[in-house]
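I set out to record the fold of one chain, one helix pair, one chosen residue and the contact between chains. My entries follow the structure shown here.

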Amino acid sequence: MARGRGRLAPYLMILPSGLWMAVFFLIPMVLMVSLSLQTGNLIEGFRQTFHWQNYTDGLNTYGDKFVRSLWYGLLATVACIALAYPAAYWIAFRGGRHKSTYLFLLLLPYFVSFILRTVSWKLVLTDNGPILGPLRGSGILPKDFHILDTSVAVVSGLAYNFLPFMVLPIYVALERIDHRVVEAAYDLYASRLQAFTRVILPLSLPGVFAGVIMTFVPVSSDYVNAEVLGGPQNTMIGNVIQTEYFNNSAYPMASALSFSLMAILLVGIFAYARTLGTQDVLEAAGR
Amino acid sequence: MTTLTTTKTPVRGRPARPKRRISGLHAYTLALIAWLILPIAIMILFGFNDTRSKQNFEWQGFTLKWYAHLFDKGDLTTAVINSLTIALLSTLITTILGTFAGLALGRYRFRGKGSTNLVLFMAISCPEIVMGASLLSMFVTFNLPRGYLTILVAHVMFSIAFVAVTVRARVVGLDPAVEEAAQDLGAGPWTRFRLVTLPMIMPGVVAGALLAFVLSIDDFIITNFTSGSTITFPLWIYGSTRTGTPPQVNVMGTLIFAVGIVIAVVSARRNMRAPR
């Protein structure tokens, strides 16, 4: 490290990325907030009028969509934890030589595009598709069994798409646990249940926390699953934002809705971080 | 939770060799993997489906014709080429920018480091739709035409943080004494970077580059907001969901899947052989 003349080095190294992020991330964010307070339309143009009503109107009109997005997000995240934890636990403690093979298999969906995954999942859930078709035909499932275009379909699609995001951090946290600590618990006459609830589970919570951040935000703001799997009854706030931008060209309203979504999610995450007592959100997510 | 393991004795030291009998949790893990792979298997299978209707969900016999007629849909081919070139260019730019950012963050103390970290965290945790919407807001405000270039710019933007964080993690684990030794031996900053620092952080750089490539080629939401009339592979598929996705999409997906797995396995092998 050239300490003397290298004073400028870190600034020069950070400058290109910093500029890129400033111009294409921070400034657009500010412009979006500004746009969210404007009035006008596509033909006559938009003017800054500090029209706060965009926010109150947005929340009043689409409050139910916000609630549904958060609710679906919560359901899918909880489903992800419940599905991922046992598998991550088994791989971390019992995977033996094949740990990385199992992890690789769990990550396989990521070699297929997100959209294509969702479309394929739709195929699985289609009434006359290759899975449900035979099951219904042979009478294992009732003839009127139907899952596509329901909330179950949307939540299952979300959980399916984001499960690996939950598996990985939980696995990393479990894998890090010093086996001697678990051993010590047994030496102190802990039952297997106690060793799990008092030692392993608390030590793995940072992984669960990171997993929740990595799934809850993208899941609640997703609109692809709702669009492909949910039909018109299950639209989430993402669908509304997309429609307002592209179909209605109602840019101020769409901006207000996007900013509200981000604010709600950020507040949610920080509240969650506080109640869980995780000291440093940055650190937990940065892992 | 007492059914978690089949062993009678508590876990001691390193876990014992895998048991012959399959435990409940082992079976569960395999079932979970099967669930994750099921839609992919169906995607691959229906690339071989001799379908005659627009909807491709009823098995009508095996055929290879979709592989033979892979490039029949001209706009689909263009979309795939767009996706690939955008991913390559974005990976190139992102890896260079992100690597330097990661180096600076992992190695130096400087004013503004805290806020840089905060921006990276925000970029990683920000909902994609908000990023896309804010970029669109900017393009609308300044009346910028959207297309190939705006997609590329957006992809670099959302991948930089991931590369920087990956490289930073690698840099933090390095011994600065090695570079000091190079300096003591008379290596200038550039030589030192090329011959000492870069080889040492290479695994982090490669991991970051792979991540950037995957993020870019897979991205739908932000691309949708920045694309204008330019179409990428995910956008094309999304557009086709209403009318019926043609089997060529399955074939393209299968080929990308296969290539991705080959690259991942090869790079994993190389990583295993390379000294840590």
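Entry 1, secondary structure. I counted 12 helices and two strands in chain A. I then read the order along the sequence of chain A and noted α-β-β-α-α-α-α-α-α-α-α-α-α-α. I note that the model is a predicted one.

Entry 2, extent and burial. I looked up the box filled by the C-alpha atoms of chain A, and along the principal axes it is roughly 75 × 75 × 35 Å. Chain A has 287 residues, and I found that 46% of them count as buried. I also checked the contacts in chain A with a separation of 6 or more, of which 69% are between residues 24 or more positions apart.

Entry 3, a helix pair. I took helix H4 (residues 114-125) of chain A together with helix H6 (residues 151-176) of chain A; their axes lie 10 Å apart and the packing angle is about 135 degrees. H4(A) is therefore oblique to H6(A), since an angle over 145 degrees would be needed for roughly antiparallel. I recorded the crossing of H4(A) and H6(A) as right-handed.

I next asked which residues of H4(A) and H6(A) meet. From H4(A) I listed A:Phe114, A:Arg117, A:Thr118, A:Trp121 and A:Leu125, and from H6(A) their counterparts A:Ala153, A:Gly157, A:Tyr160 and A:Asn161. By class, I entered five nonpolar, three polar and one charged residues for the contact of H4(A) with H6(A).

Entry 4, a single residue. I located A:Ala79 in helix H2 (residues 53-94) of chain A. Is A:Ala79 buried or exposed? I found 20 other C-beta atoms within 10 Å of A:Ala79, so this residue is buried, the cut-off being 20 or more. Leaving out residues up to four places away in sequence, A:Ala79 touches A:Val155 and A:Ala159. I also looked up the separation of the C-alpha atoms of A:Ala79 and A:Glu175, which is 22 Å, with the two residues 96 apart along the chain.

Entry 5, the contact between chains. I noted that 79 residues from chain A and 81 residues from chain B take part in the contact. Which helix gives the largest share of the side of chain A that touches chain B? I found that helix H1 (residues 9-35) of chain A does, with 18 residues. For the side of chain A that touches chain B, I entered 61 nonpolar, 14 polar and four charged residues.

Terms used. Residues numbered from 1 in each chain as written. Chains lettered and ligands numbered in written order. Predicted model: local features only at pLDDT ≥ 70, side-chain atom pairs only at ≥ 80, totals over all residues. Axes fitted to C-alpha atoms, helices over the stretch in contact; angles between N-to-C directions. Helix = DSSP H or I, 4+ residues; strand = E, 2+ residues; numbered from the N terminus. Parallel < 35°, antiparallel > 145°, perpendicular 65-115°, else oblique. Left-handed = near helix turned anticlockwise from the far one by under 90°. Contact = placed C-beta atoms within 7 Å. Nonpolar A, V, L, I, M, F, W, Y, C, P; charged D, E, K, R; others polar. Buried ≥ 20, exposed ≤ 12 C-beta atoms within 10 Å, placed from the backbone.
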